[in-house]
Amino acid sequence: MPVIRLQPPLKLLLLILVFYFRYSDSEIIFEERFEDGWQSRWVVSDWKRSEGKAGLFKHTAGKWSGDPDDKGIQTYKDAKHFAISAKIPEFNNKNRTLVVQYSIKFEQDIECGGGYIKLHSGYVNQKKYGGDTPYSLMFGPDICGTQQKKLHVIVSYQGQNYPIKKEIQCETDKLTHFYTFILRPDATYTVLVDNREREFGSLYTDWDILPPRKIKGDSRKPADWDDREYIDDPNDVKPVGYDSIPAEIPDPKAKEPDDWDEEEDGIWRRPKIPNPAYKGPWKRKKIKNPNYKGKWKTPWIDNPEFEDDPDLYVLKPIKYIGIEVWQVKAGSVFDNILICDDPEYARQVVEDVWGKNREAEKEAFEEAEKVRRAREEKRKEQERKVRRGKQQGIVGMELGSAVEGMIQTTIWMITTMNFKRQLQRFSAFTLLKDKRKRSLHFAGSKMPCIIAIGFLSILCTCSCSFSSLSEPDLKLVRAADDLGNFAYNYRIVMTRIVLFVSLRKILGLDNDGKWYGGQTRPPRWGPQEATCPSAVSRSVNHFILLEVEILVKATPPARGAHPDHPLLHPPVAPPFSQAPQQHTRKLNKTRGGGRKLERKMVDTAQK
């Protein structure tokens, strides 16, 4: 038979004819590529606009695209409701296959939001179109955090919405993906993602629209049910003498040792070995059970509540298509919406659009990611510089405050001590001639000790702060903060101590509770007041020790301090109750003339 060779023009004509006859019976109900003039077909809803919660749609191809001229509509403004719809020719899928397909690209880190479309039946007020508008089919991805990344397929039946029971995962990257839903007249469905089958099933089994066709019956096994696959052979007989075969026999190869002595070792006997003729306890042979019916399983029976609906797959006549979503972060691009009855045509659209542009889009995305990462790194570097500058400023302020506090405290101490000397110079108690016994012990020896303790605490606090931190900037900030706090407490407490020292000197008391010069009473007082200074001195000394304890405790040890850190073991003042008790005993021995003055002195010291 001769071979017919067609010329190239004839080949092209033949392909066109095949394509025409192949898709001549198919119907494209609605197809939207969002080219020029799309605004005339779509209506943006005013739903939530009066509340300031309505978002907008931009006509764009997105930040990265395989074809910059292939534009869609992109959600705009974060944390908004987006609602837009279009009227389509009325379509009924009775005895026809329904194909719903569209593409979406999540350019944003969506965090939480939807990317689905809806088909609506009946009349829809497009300017008020929103989340409460009834729909017949909802299909598309819904992402919220890391837990929910599902693909919704919700079908309406007799006014009630039924979601699919299966968990279908959607794509979560930032590239364009096609989602396709096919519903056939036999109530079977297929979900495709980028022309790859993601799920397949039936409306009867994967939705709770109708009761199940079959249910489990009685789980009790019938008495005559034999589930033994093998049974003992009733014709098998035990051989004669089988039970007399021993399990072990003497080893015929064993020999008596040459050094065996029967008088010492006894009579030699051969050791036992397993008998190869012994087969174990006798059992009947197994044969197949002629009455075997298989393993018992609870049977499935017809559900008496099931009533089949041959039009289960039929949706109410479709008149509108809409996009109604809420997104925390906007930036999703919707495009290539298709409603038809031919799955092959939908598959070809995916190949023509997504198949040709996916590599170019991937390269554009990678280039955009490089730019974004470089910009993000630059922003972080600027933030680090600003933060470092602020930390250095804080360090300077804290160190300056600490130095200023120390200088002011020192000046205050010098001024106060000088004032104390001036008072002593004109005091009546300074008229005494014996200067050697004048009590300057506290001001001459204890005061430098307290100052030394203060500076030592500063050094310990700063050193422990530096040793317990890892970042140099944070070390300086923490150490400067501790130093500033200590300087503040140091100034307050040292001021109180100086005031108490001045009070003792003004009253003319020494450390032993005696008047200057070793006198038993002050020159201007009577003999009845001679016992009071000891109690007053103890009270004043007690409060000074309390202030030292407060100073040490007010400076907490830094994080990571050594167990022997001096701030962990502050000095403890003696119980204050001792001074009032001793004073009370002394006070009872005095006469009434000096009682009031003595009480006033004690109250002054305590205040």
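The link between Cys112 and Cys144 is left-handed, with -90 degrees about the S-S bond. In this predicted model, the sulfur atoms of Cys112 and Cys144 lie 2.2 Å apart and form a disulfide, and the structure holds one such bond. Beyond this link, the briefing covers the accessibility of several cysteines and the nonpolar cores.

**Disulfide**
- Cys112 belongs to strand S7 (residues 112–114) and Cys144 to strand S9 (residues 137–144), so the disulfide ties together parts that are 32 residues apart in sequence.

**Cysteine accessibility**
- Cys144, a partner in the disulfide, has 31% relative accessibility and therefore counts as partly exposed, since this value falls between the limits of 20% and 50%.
- Cys170 counts as buried because its relative accessibility is 8%, a value under the 20% limit.
- Cys340 likewise counts as buried, because its relative accessibility is 1%.

**Nonpolar cores**
- The largest nonpolar core comprises 60 residues, and those with the most contacts inside it are Phe30, Trp42, Tyr102, Trp207 and Ile321.
- When neighbours within four places in sequence are left aside, Ile321 is in contact with Phe30 and Trp42, and also with Ile84, Ser85, Ala86, Ile88, Ile117, Lys118, Leu119, Ile337 and Ile339.
- A second core, separate from the largest one, has twelve residues, among them Phe178, Leu338, Ala346 and Val350.

Notes
Residues are numbered from 1 along each chain as its sequence is written. This is a predicted model: local features need pLDDT of at least 70, side-chain atom pairs count only at pLDDT 80 or more; totals for chains, interfaces and linings use all residues. Side-chain values use heavy atoms; hydrogens and water are left out. A nonpolar core is a set of buried Ala, Val, Leu, Ile, Met, Phe, Trp, Tyr and Cys residues joined through side-chain atoms within 4.5 Å. Buried means under 20% relative accessible area, exposed over 50%, partly exposed in between (1.4 Å probe, protein chains only). Contact means heavy atoms within 4.5 Å. A disulfide is a pair of cysteine sulfur atoms within 2.5 Å. Helices (H or I, at least four residues) and strands (E, at least two) are DSSP runs, numbered from the N terminus.
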